[in-house]
Amino acid sequence: MSLFLGLGITGIALLAFSLVFDGVLEGVFDGALGGLFDGWLSLPVVAGFVSMLGFTGAIVLGATGFGPGVATAAGSVTGAGAGWAAYRLGRALVRGGSGIAPRQGDLVGSTGTVVTAIPAAGYGEVLLRLAGQPVKYAATAEGPLGHGTEVWVTATPSSSSVSVRAVER
């Protein structure tokens, strides 16, 4: 039983190690076997397999009358499941987004609301959504726009200001 518990604890330690050094095993085997094991040799996958093998083996060995062979088989099955789950979760996180930061020009065509009235020859403020986050910008318009007016961004003359026009319905 101590061997199984040791494997379980080693898996947990390896998982903690992977928080700091993830990608080490992929780097060591980079290009080996033509990318056959891409992602499967990541530290979280190996840690999930080893810890579930150990802890499940210890549970089966301690709770049943079966021997180490059955405990190893049961641990291998649950370890493979944990490794597969870690692999799928890692792949989902990698595919999660483009990773491209929004740019100033991405605001053109977006809609927002006037939060500080915009005078005819001056600046007011509008609340826009950039990458899903509310952001307040200084704004100019061709004519005066009152508080609460829905606007459409026509240009971004600087990184902190926009030109807007009222949305016509």
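The accessible surface of this protein adds up to about 10200 Å², and carbon and sulfur atoms account for 65% of that. Keep in mind that you're looking at a predicted model. The protein has 169 residues, of which 26% count as buried. It contains four helices and five strands, and along the sequence they run α-α-α-α-β-β-β-β-β. If you take the contacts between residues at least 6 apart in sequence, 51% of them join residues at least 24 apart.

**The helices**

- Start with α3, which covers residues 43-63: its 21 residues should span 30 Å at 1.5 Å a residue, and the end C-alpha atoms are indeed 30 Å apart.
- Quite a list of α3 residues is buried: L43, V45, A47, G48, V50, S51, L53, G54, T56, G57, A58 and V60.
- Helix α4 takes in residues 68-94, and its 27 residues should span 39 Å at 1.5 Å a residue; the end C-alpha atoms sit 38 Å apart, which agrees.
- Buried in α4 you'll find A71, G75, G79, A82, G83 and Y87.
- What do those buried α4 residues pack against? Their partners are α1 and α3.
- Helix α1 (residues 2-21) is where L19 is found, and A13 is in α1 too.
- A13 is partly exposed, because its relative accessible area of 46% falls between the 20% and 50% cut-offs.
- A13 and A47 are 34 residues apart in sequence, yet their C-alpha atoms are 8.0 Å apart in space; A47 is one of the buried residues of α3.

**A nonpolar patch on the surface**

- F17, L19, V20 and F21 together make a nonpolar surface patch of about 440 Å².
- Is L19 buried or exposed? L19 has 74% relative accessibility, and exposed means over 50%, so L19 counts as exposed.
- For background, nonpolar side chains in soluble globular proteins tend to be buried together.

**The core among the strands**

- The largest nonpolar core has 14 residues, and the ones with the most contacts inside it are I118, V126, V162 and V164.
- At least two residues of this core come from each of β2, β3, β4 (150-158) and β5 (161-166).
- Setting aside residues up to four places away in sequence, I118 touches G124, E125, V126, A139, T140, A141, G143, P144, L145 and V164.
- T156 lies in strand β4, and T156 counts as buried because its relative accessibility of 17% is under the 20% cut-off.
- Which residues does T156 touch, not counting those up to four places away in sequence? The answer is Q104, G105, L107, V108, S161 and V162.
- V162 therefore turns up both among the contacts of T156 and among the core residues with the most contacts.

**The loop between β1 and β2**

- A117 lies in the loop between β1 (111-116) and β2, and A120 lies in that loop as well.
- A117 is partly exposed, with a relative accessible area of 42%.
- Leaving out neighbours within four places in sequence, A117 is in contact with Y123, G124, L145, G146 and H147.
- P144 is 27 residues from A117 in sequence, but 7.5 Å from it in space, C-alpha to C-alpha.
- A120 is partly exposed too, with a relative accessible area of 49%.
- Not counting residues up to four places away in sequence, A120 touches A141, E142, G143 and P144.
- A120 and E142 are 22 residues apart in sequence and 6.5 Å apart in space, going from C-alpha to C-alpha.

**The salt bridge**

- How many salt bridges does a search of the whole structure find? It finds one.
- The side chains that meet in it belong to K136 and E125, at 3.7 Å from N to O.
- This pair links distant parts of the chain: K136 is in strand β3 (residues 133-141) and E125 is in strand β2 (residues 124-130), 11 residues apart.
- K136 is exposed, with a relative accessible area of 52%, whereas E125 is partly exposed at 30%.
- E125 also appears among the residues that I118 touches.

Technical notes. Residues numbered from 1 in each chain as written. Predicted model: local features only at pLDDT ≥ 70, side-chain atom pairs only at ≥ 80, totals over all residues. Heavy atoms only, no water. Expected span 1.5 Å × (residues − 1). Buried < 20%, exposed > 50% of the residue type's maximum accessible area, 1.4 Å probe, protein only. Salt bridge = Lys/Arg side-chain N within 4 Å of Asp/Glu carboxyl O. Patch = residues over 30% accessible without salt bridge, like charges linked within 9 Å, V, L, I, M, F, W, Y side chains within 5 Å. Areas by Shrake-Rupley, 256 points an atom, 1.4 Å probe, with all protein chains shown as cover. Contact = heavy atoms within 4.5 Å. Core = buried A, V, L, I, M, F, W, Y, C linked by side-chain atoms within 4.5 Å.
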